[in-house]
Structure formats: structure tokens, C-alpha cells
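Let's take a relaxed walk through a protein model and stop at a few spots worth a closer look. Keep the 3D view open while you read.

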Amino acid sequence: MGAAGRDFHNFNVVFRDDPSVEVVAFTAAQIPDIEGRTYPPVLSGPLYPDGIEIYPEEELARLVKEFSVDEVCFSYSDVSHEHVMHEASLALAMGADFRLLGPKSTMLRASRPVISVCAVRTGCGKSAVTRLVCLLAAEAGKKAVAVRHPMPYGDLASQRVQRFPDMESLDSAGCTIEEREEYEHLIGAGVTVFAGVDYAAVLAEAEKEADLIVWDGGNNDMPFFYPDLEIVVADPLRPGHELSYYPGEANLRRADVVVINKVDSARAEDVEALRANVAFVNPGARTVETDSPIEMDGDIKGKKVLVVEDGPTLTHGGMAYGAGYTAALREGAAPVDPRPYAVGSIKETLDLHTGLKELVPAMGYGPEQIRDLKATIEAVPCDAVLVATPIDLTRVLELERPAVRVSYGIRDRESPGLADIVKSFIAGL
């Protein structure tokens, strides 16, 4: 059971070359239009010369019955503990075992030092931490490359190993908005990004040019590589989530360093509650506090703005707003409700996530969804579009109205802080 990422990795490292097991199907969830494909023979290996079909997760019960399935392997992230147990209950009710694969089964050993950056939920601020780690490595004269958690939403065979050294390589690969949101900010900082489907092969390529590998996690998934320094980012805007989401709690319990981010916009009592939970489950971790400062490249004071936020933070992470909406209110702008003007898949997303009101999630998993996003943005009456995604949206969409970009970083609130911990680790390489 997966979402085009962890599921493929689990198959590759645990099941692909095991003749005692027959994998009969993948199921797909979370990401629009990722089912109905085949995991291709070039990736599935000689035991699966015809590849493996990918079905919608809604067909799980039928598949278990039809294929006489003995075991269901849950392999995706950022879902509540309750959700995991509902899926487990369905599998058990159908007579199958239910399995969660852990680090010993799925993590690969690198020949270079690895710093992993993961989180307890989507949208905690991993990107800024990853960028900081890479920049600190460069300052120390070390070549860091980022290896991003998989996002293979296109042709799987051609995405087996991906290397993105510049913006043009993103264009050549036909990257989706979601992929660009994870890659562009690093490339813009001079960091080469690796990704793909077969992470043993991805790792082998990354090792050729890196002094340091930075694992850039997706959602709240665990790293695919054994980390030498395990950084986990937590969010006091969602206190309690660090103990109630899978596998975010596992990340929290494993962490060497826990970063409590967004302290500048959180309530003091929520920060303290989060600190207490960290101390309860992982008392040996170093806990540091950071701010997430917001910057803009234009003036929106007094203007009517359409806020375009990072999609996964809202749809997967359960946040009702992000950096864009926060910036709009701070600057005295008036966010416009896009719901009356939304079309196609964007309307469907807003109808599904009823808590999203005065903003648009930047959904763009394929050409049709990108067209719907453009049509929605153009239909909303506003003075400016406030783009709070990590990418330059104008590289993908030609916008008729002025676009103001919102970005966020990370800043230590204490000394020694996160930067000092990372510098100390890099100094020992």
C-alpha cells in the first residue's frame, strides 16, 4: 500500500529479489491519478517480467480476496495512527497479515556521511533546514548533495535515477509543481539534487560527487539511508501531532536533534507542550528552538490578494493556512476567497478540504491540474497573486496579474543552536 514513493523503495530493497515472495499488486493513495499504472519490468526485476499493476487503494479488499493475499505491507506516510489501524483492521478482516517495515529492513548504507532531515508532519519546515545544512557544508569547504524523498509521478522507468544540477534540468524532466517545490530552492542555493525510484542506484550516483549526503525527507517519512546525524523538525502550531501520526512519532523517537520550528508564530504554551512530549519519548535528543522568518519581494499593503500556498502542507499536513496567509495578514492585505471561482481539480480539492477558505493550494501533479490552477488564479478578482510556494510559479504559469513571492527561512533562537550542531558535525568529517 503506497503513494508512489516509500512503497516502491520497500519493494526494491525487501521484496524484489526474494523468490520466496510474490508481490501481486501495489495500491495507490494520497496523490491524484497515480493509480492505473504498472511498476515497469526495468524496475521490478527478473522475477516480475511483466511488471506489477498499481490499483486504487479503494480496491484493497477485492485484491486481497482475488489474489489470496497473505500479507499487506503498509508503505506510505503522514497519516494518523487511527488511519493506519483502520487499514490494518481491513486487512485482518480479510484474513491477511498487516506489516510495517522498519529501518533495519529498508535503510541503505552510504559510503559518505549522511545527515537526514525529516519531520513529525508535512509542512514543519524541513526545506529550510535542508538548505541550511547544505549551505553550512559549503562554507566549510565540503560538497553536499541533497537526495530527496521520491516523487515519481511521471514515467517510472525514465525516473529511475534523477539528477538536477540546474533549473534547466527540471524543465527537461517535465517536473510537476510538487517536484519543483522541493527541488528549486536547493538548486537556487547551488545544491545538486538527486531523486528517483531506485534509491540504491540513486545513492551510488550521489556518492560519486558528495563529501556529505543530505537526506531531504518527504511528508513525515523515515530516511531511506542510515543517517549519521538524524535531524527531525517538529511544529508547535500542531501540538500533539508529533505523537499521533505515522511514522512521525517514530522519527521523533529516533532523532538525535529535534528542531522546534516556527516558535515566532506559536503560542508559548504549545511550544512547552511540544517540549514536554519530546522529553517524554526521546529524553536523549538535543532540542533546539528556531524561528521561521517570512520575507516578501513586493508590497501588498492594502491590496486584495489571492494567496497560493504550498499544496502538500495543506492537503497532507492538515494545516488550514501557510506562510502566504500569515504574510498577507501581517502586511495588512485582504485575502480573497477563491472558492466561487475555482475550476476542475482545484475546485475538487477545495470542496474536499473544507477548512481551506481564503487561499489556493498549489496543486500541479500533472498538466490538467496545472491548467486548472492557472484558470482558477486568472478567474479570481484580485490586485496581486501572493505566491507562497517554494518555487517561482511564473516558471510554470504565465500569470496576468502581478505576483509577489513569499519565502521563509530558519533562524536559531538560542546559542548553541541548530547551526552550531551542524557545524560541529561537519567539522568532524
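Start on the surface, where Asp 33, Glu 35, Glu 58, Glu 348 and Glu 368 come together in a patch of negative charge. Keep in mind that this is a predicted model.

Let's zoom in on one member of that patch, Glu 35. You'll find Glu 35 in the loop that links β1 (26-28) with β2 (38-39). Is Glu 35 buried, exposed or partly exposed? Its relative accessible area is 32%, and partly exposed covers the range between under 20% (buried) and over 50% (exposed). So Glu 35 counts as partly exposed.

**The sheet next in line**

The two strands on either side of that loop belong to an open sheet. Three strands make up this sheet, in the order β1-β3-β2, and their pairing is mixed. Why do β1 and β2 each have one side without a neighbour in the sheet? They stand at the edges with a single partner strand each, so one side of each is left free of a sheet neighbour.

Now follow β2 across to its partner. Strand β3 takes in residues 52-56, and two bridges tie it to β2, with the two strands running antiparallel. If you look at Thr 38, you'll see Glu 53 of β3 standing opposite.

**Backbone oddities**

Time for the backbone. Most residues other than glycine have a negative phi, and most peptide bonds are trans. The four spots in the table go against those habits, so give each of them a look.

| Spot | Feature | Angle | Loop |
|---|---|---|---|
| Tyr 246 and Pro 247 | cis peptide bond | omega about -10° | Pro 247: between β13 (245-246) and α10 (248-254) |
| Ser 415 and Pro 416 | cis peptide bond | omega about 0° | Pro 416: between β22 (411-412) and α16 (418-427) |
| Asn 219 | positive phi | about 50° | between β11 (212-216) and β12 (229-234) |
| Lys 262 | positive phi | about 60° | between β14 (257-260) and α11 (268-281) |

Asn 219 has its positive phi although it isn't a glycine, and the same goes for Lys 262. Are these two residues buried or exposed? Asn 219 has a relative accessibility of 15%, and buried means under 20%, so Asn 219 counts as buried. Lys 262 comes in at 11%, so Lys 262 is buried too.

Conventions:
Residues numbered from 1 in each chain as written. Predicted model: local features only at pLDDT ≥ 70, side-chain atom pairs only at ≥ 80, totals over all residues. Heavy atoms only, no water. Patch = residues over 30% accessible without salt bridge, like charges linked within 9 Å, V, L, I, M, F, W, Y side chains within 5 Å. Areas by Shrake-Rupley, 256 points an atom, 1.4 Å probe, with all protein chains shown as cover. Salt bridge = Lys/Arg side-chain N within 4 Å of Asp/Glu carboxyl O. Lys, Arg positive; Asp, Glu negative; His and termini not counted. Charge placed at Lys NZ, Arg CZ, Asp CG, Glu CD. Helix = DSSP H or I, 4+ residues; strand = E, 2+ residues; numbered from the N terminus. Buried < 20%, exposed > 50% of the residue type's maximum accessible area, 1.4 Å probe, protein only. Pairing = 2+ DSSP bridges.
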